[in-house]
Amino acid sequence: MASEVMRIDLAIDETDVIRGAEEVLKVIRPHWRSDSVRFKLFTDGITNKLVGCFNQNNNTNDDDDVDTVDNDTNDVVLIRVYGNKTDLLIDRKKETENIRLLHRYGYAPTLYATFRNGLAYEFVPGVTLTPESCREERVWRLVAKRMAQMHKVRDGSVGDCSKPMLPDKLEQFVKLVPAVFGDPVKHARISQIFPNTDELRRDFDDLYERLKRLNSPTVFCHNDLLLGNVIYNADRDEVTFIDYEYAAYNHQAFDIGNHFTEFAGIDQMDYDRYPSKDFQLQWLRVYLTEFNGTECTDSDVLRLYVQVNQFALASHFLWTVWALIQAEHSTIDFDFIQFGETRYREYLRRRDEFLSLTYQN
């Protein structure tokens with residue numbers, strides 16, 4: 001692997017990503033004929049804009065779906081254009097380092113190039129998970145094992161291996177929430193639903209003081225393992241995680257708890273889908289066996305179960321504050337206020353229940 005990733009001095013217009021993708025391809029795939037390339041704009045992302053670029057050949061046709069075509073990855077490129085002002089939330093240099101590090105371990109796609117407001121990287125054949133498929137045993141076992149493998153990565157080049165990112169990231173987010181939102185209608189909605197930032201900060205500080213007592217280990221985490229960031233390939237019987245924007249050393253239980261909260265879905269969030277205790281205990285046993293390299297005890301599984309569900313509260317809190325920032329800046333057609341409200345209300349609904357869990361249950 002080359003020591004440096006190609007850097008293209010180009011910014012893609014969010015409103016014309018296809019044209020921008022064509023310019024990127026001229027640099028990284030100069031042998032592609034422009035009349036043989038087709039594009040598919042993904043519509044399920046709520047942070048960035050993503051376009052698949054296909055070099056048509058004998059293995060593809062106009063009816064193929066970019067989600068399922070098992071192409072030679074040299075003939076497919078994904079180009080991701082960062083959402084407006086997301087550089088306020090994400091350290092893009094670290095994101096690039098994360099992708100390159102995890103690619104060396106076989107846990108992330110190849111990164112072809114970066115440009116001023118995005119990335120070009122390898123297309124991973126398969127399908128993203130759904131609220132239904134994430135419960136299928138053949139799928140969740142792969143996810144649990146892959147997360148455990150990623151959590152064993154130790155490399156100081158991408159951060160302090162002993163320092164969890166959670167408290168600093170939450171503080172960074174809280175500082176970015178505007179006192180007055182630019183849109184008066186949004187401001188009125190938000191004021192009726194959410195506490196002010198001082199109250200949010202105090203609430204989180206109280207929560208985090210309790211979470212720290214759990215002594216959840218600090219490991220290398222994805223930190224945003226929503227269902228759309230897991231690609232399942234049935235033919236290869238494997239999963240690949242994508243989008244390492246928030247990857248960093250963090251509490252082990254946060255990464256797992258965050259993933260479990262994502263079982264609710266995005267477009268039609270339903271927290272009745274949050275995994276049951278029985279499901280979680282099975283999932284966590286597979287995870288711990290892979291993470292420790294040996295069979296685990298019932299008490300080990302139960303301890304992690306308590307940690308995971310209590311850290312799930314921190315996940316709700318983090319993405320609630322993230323949604324308030326996105327409500328101010330994002331140009332993506334998505335109701336971030338509704339998203340934030342749903343997560344915040346679930347945090348409030350579950351707080352006492354989860355914090356009352358003990359290892360003796």
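Asp243 sits in the loop that joins β10 (238-241) to β11 (248-251). In this predicted model, its phi is near 60 degrees, a positive value in a residue other than glycine. Asp243 has a relative accessible area of 18% and is therefore buried, since the limit for that class is under 20%.

Asn215 also has a positive phi, of about 55 degrees, although it is not a glycine. This residue lies in the loop between α6 (197-212) and β8 (218-221). With a relative accessibility of 63%, Asn215 counts as exposed, because that class begins over 50%. Of these two loop residues, then, Asp243 is buried, whereas Asn215 is exposed.

The loop of Asn215 follows on from helix α6, and that helix packs against another one. The axes of α4 (residues 166-176) and α6 come within 10 Å and cross at roughly 170 degrees. An angle over 145 degrees counts as roughly antiparallel, so α4 is placed in that class relative to α6. On the α4 side the contact is made by Leu166, Pro167, Leu170, Glu171, Val174 and Lys175, and on the α6 side by Thr197, Arg201, Phe204 and Tyr208. Sorted by class, the contact of α4 with α6 holds six nonpolar, one polar and three charged residues.

Helix α10 (residues 336-355) contains Arg351. Is Arg351 buried or exposed? Its relative accessible area is 14%, so Arg351 is buried. When residues up to four places away in sequence are not counted, Arg351 touches Asp203, Asp206, Leu207 and Leu313.

Helix α10 also packs with helix α5 (residues 184-193), at an angle of about 5 degrees and with the axes 11 Å apart. Because angles under 35 degrees count as roughly parallel, α5 is roughly parallel to α10. Lys186, Arg189, Ile190 and Ile193 of α5 meet Ile337, Gln338, Glu341, Tyr344 and Arg345 of α10. By class, the contact of α5 with α10 comprises four nonpolar, one polar and four charged residues.

Phe339 is a further residue of α10. Its relative accessibility is 5%, so Phe339 counts as buried. Leaving aside neighbours within four places in sequence, Phe339 is in contact with Ile266, Met269, Trp319, Trp322, Ala323 and Phe334. Phe339 and Asp267 are 72 residues apart along the chain, and their C-alpha atoms are separated by 8.8 Å.

Helix α9 (residues 298-329) holds Gln326. At 2% relative accessibility, Gln326 counts as buried. The C-alpha atom of Gln326 is separated by 8.6 Å from that of Ile337, a residue 11 places away along the chain. Ile337 is among the α10 residues that meet α5.

Helix α9 has a packing partner in helix α7 (residues 252-261): the axes of the two come within 7 Å and cross at roughly 70 degrees. That angle falls in the range of 65 to 115 degrees, which means that α7 is roughly perpendicular to α9. The crossing of α7 and α9 is right-handed. From α7 the contact takes in Gln252, Ala253, Phe254, Ile256, Gly257, Asn258, Phe260 and Thr261. From α9 it takes in Leu304, Gln307, Val308, Phe311, Ala312, Ala314, Ser315, His316, Leu318 and Trp319. Trp319 is also among the contacts of Phe339. Which classes of residue make up the contact of α7 with α9? It has 11 nonpolar, seven polar and no charged residues. The contact of α4 with α6, in turn, has three charged residues, and that of α5 with α10 has four.

The cysteines remain. A disulfide is a covalent bond between the sulfur atoms of two cysteines. Where the sulfur atoms have to be within 2.5 Å, the count for this model comes to zero disulfides. Cys134 is in no disulfide, and the nearest cysteine sulfur, that of Cys221, is 19 Å away. Cys134 has a relative accessible area of 2% and is therefore buried. Cys53 is buried as well, because its relative accessible area is 0%.

Definitions and conventions: Residues are numbered from 1 along each chain as its sequence is written. This is a predicted model: local features need pLDDT of at least 70, side-chain atom pairs count only at pLDDT 80 or more; totals for chains, interfaces and linings use all residues. Side-chain values use heavy atoms; hydrogens and water are left out. Buried means under 20% relative accessible area, exposed over 50%, partly exposed in between (1.4 Å probe, protein chains only). Axes are lines fitted to C-alpha atoms, for helices over the stretch in contact, and angles run from 0 to 180 degrees between N-to-C directions. Helices (H or I, at least four residues) and strands (E, at least two) are DSSP runs, numbered from the N terminus. A crossing is left-handed if the near helix is turned anticlockwise from the far one by less than a right angle, and right-handed if clockwise. Contact means heavy atoms within 4.5 Å. Ala, Val, Leu, Ile, Met, Phe, Trp, Tyr, Cys and Pro count as nonpolar, Asp, Glu, Lys and Arg as charged, and the others, Gly among them, as polar.
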